[in-house]
Amino acid sequence: SINVQVAFESEFWNIISVYAPQVGRPQEEKDSFLADLEEVVSRIPGNELVVFGGDFNAHLGEKCPDYPDEHGQRGLGERNEEGVRLLQTLQALELFAVNTGFTKHYEQKVKYRSGGHDTQIDYILVRRTDRAKVQDAKVLPYEAVTRQHRLLVMNITILKEQRIKQRKHPAKTKVWKLRENKVDFNRLVREMKNNTEETEEPSVEEEWTEMSHILEEAAFVDRQKEADRGKDMEVQETLKEKKKAYKAMKDGTRELQEYKRLKKVAERSVARAKGRAWKEWYEKLETKEGEDQIYKIAKHRPRQKKYIIRVTKQRDTGKIATKDKSVTSQ
């Protein structure tokens with residue numbers, strides 16, 4: 001026999017070509033062939049597809065009601081002794097002869113023609129569990145493999161692996177966590193409420209809809225602040241690790257390369273934190289609160305960064321004092 005293994009995306013196929021002993025051969029040789037067939041099937045895992053094809057030198061007959069799971073009741077000719085033994089083997093191995101399971105014209109069933117005798121001795125076998133995958137099986141009358149044997153073909157479906165799409169659900173607002181920071185959340189809700197435009201005599205439904213939107217937005221903002229606080233803690237941890245590595249390097253317990261690596265990690269963390277801070281600042285400038293914050297910053301600038309100019313004139317001449325001695329004497 002010839003065994004070809006083919007790997008597809010979703011399954012593994014074993015395609016096996018066989019040739020059984022002819023009718024006149026000794027019975028021991030025929031028994032050995034069926035025993036080898038059983039051994040081959042037993043070695044193949046049950047989740048892999050098996051396809052046997054070849055000359056079994058057996059007549060299964062046109063109908064076979066005592067073997068309904070192995071024979072499709074659409075065969076050809078009369079069953080012989082070798083056909084009975086083959087059917088018993090198919091029953092034991094849970095295999096099915098696919099070219100007996102489709103309604104075809106006479107010429108599409110004849111697999112072997114010699115001396116005016118038409119027979120069906122070549123079969124394609126699959127597991128019963130894979131029978132539904134077979135779409136068609138027939139003989140091509142005008143395609144001869146040899147002088148007496150015709151070509152037997154089968155159409156079978158290759159199942160494509162179905163990938164389950166992950167459904168994207170909206171982010172869940174963990175309202176119960178707002179209790180941990182109740183004061184800030186209440187303040188945030190009051191600020192959002194004051195910034196909304198009030199309409200003349202809103203209905204109860206409109207007030208509730210507006211308030212629910214404010215609560216959801218405030219919860220989202222509070223959750224974002226919590227995430228930012230976690231990122232700030234990450235920056236602090238990386239800086240601590242860098243400082244520890246620097247001290248360890250000075251003490252001789254750590255190498256320079258390890259310190260340089262942690263230093264780069266800390267620099268990247270600080271850069272990301274600065275980027276987030278500047279982004280939040282620019283977004284905040286677009287709001288009314290941001291405009292007020294600009295004036296506060298300008299008002300509380302450090303005095304050392306201000307340019308203080310003082311002009312001193314000489315008392316006797318009225319000219320501007322330019323030298324240190326003349327300035328201090330005035």
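Me: Rings of Phe, Tyr and Trp (its six-membered ring) pair if their centres lie within 6.5 Å, and planes under 30 degrees apart make the pair stacked, over 60 edge-to-face, and the rest tilted. How many aromatic pairs does a search of the whole structure find?

Reply: Heads-up: this is a predicted model, where local features need pLDDT of at least 70, side-chain atom pairs count only at pLDDT 80 or more, and totals for chains, interfaces and linings use all residues. Residues are numbered from 1 along each chain as its sequence is written, and side-chain values use heavy atoms, with hydrogens and water left out. For aromatic pairs, the whole-structure search gives two.

Me: What kind of pair do the rings of F33 and F56 make?

Reply: Their centres are 6.3 Å apart and the planes meet at 70°, so the pair counts as edge-to-face. F33 sits in helix α1 and F56 in the loop between β3 and α2 (helices are DSSP runs of H or I, at least four residues; strands are runs of E, at least two). That means the pair ties together parts 23 residues apart in sequence. In short, F33 and F56 are edge-to-face.

Me: Is F56 buried or exposed?

Reply: Buried means under 20% relative accessible area, exposed means over 50%, and partly exposed is in between (1.4 Å probe, protein chains only). F56 comes out at 4%, so F56 is buried.

Me: How far apart in sequence are F56 and Y123, the tilted pair?

Reply: These rings lie 6.4 Å centre to centre, with 55° between the planes. F56 is in the loop between β3 and α2, while Y123 is in strand β7. Ring pairs link F33, F56 and Y123 into a cluster. Along the chain, the gap between F56 and Y123 is 67 residues.

Me: Which element gives the largest share of the largest nonpolar core?

Reply: A nonpolar core is a set of buried Ala, Val, Leu, Ile, Met, Phe, Trp, Tyr and Cys residues joined through side-chain atoms within 4.5 Å. This one has 24 residues, and those touching the most other members are I16, F52, F56, L86, L95, Y123 and L125. Elements giving two or more residues are β2 (12–19), α1 (27–43), β3, α2 (81–93), β4 (95–97) and β7. The largest share, five residues, comes from α1.

Me: Which residues lie closest to the centre of the second largest pocket?

Reply: On a 1 Å grid over the protein atoms alone, a pocket is an open set of points where a 1.4 Å probe fits, with protein on both sides within 12 Å along at least five of seven lines, and lining residues have an atom within 4 Å of a point. This pocket has a volume of about 420 Å³ (the space filled by probe spheres set on the points). Of its 24 lining residues, the closest to the centre are D55, Y112, I121, D122 and H149.

Me: Is N57 buried or exposed?

Reply: N57 is in the loop between β3 and α2, and its phi is near 50°, a positive value in a residue other than glycine. Its relative accessible area is 10%, so N57 is buried.

Me: Which residues does N3 touch beyond four places away in sequence?

Reply: N3 is part of strand β1 (residues 2–7). N3 and I16 are 13 residues apart in sequence, with 4.4 Å between their C-alpha atoms. Counting contact as heavy atoms within 4.5 Å, N3 touches N14, I15 and I16.
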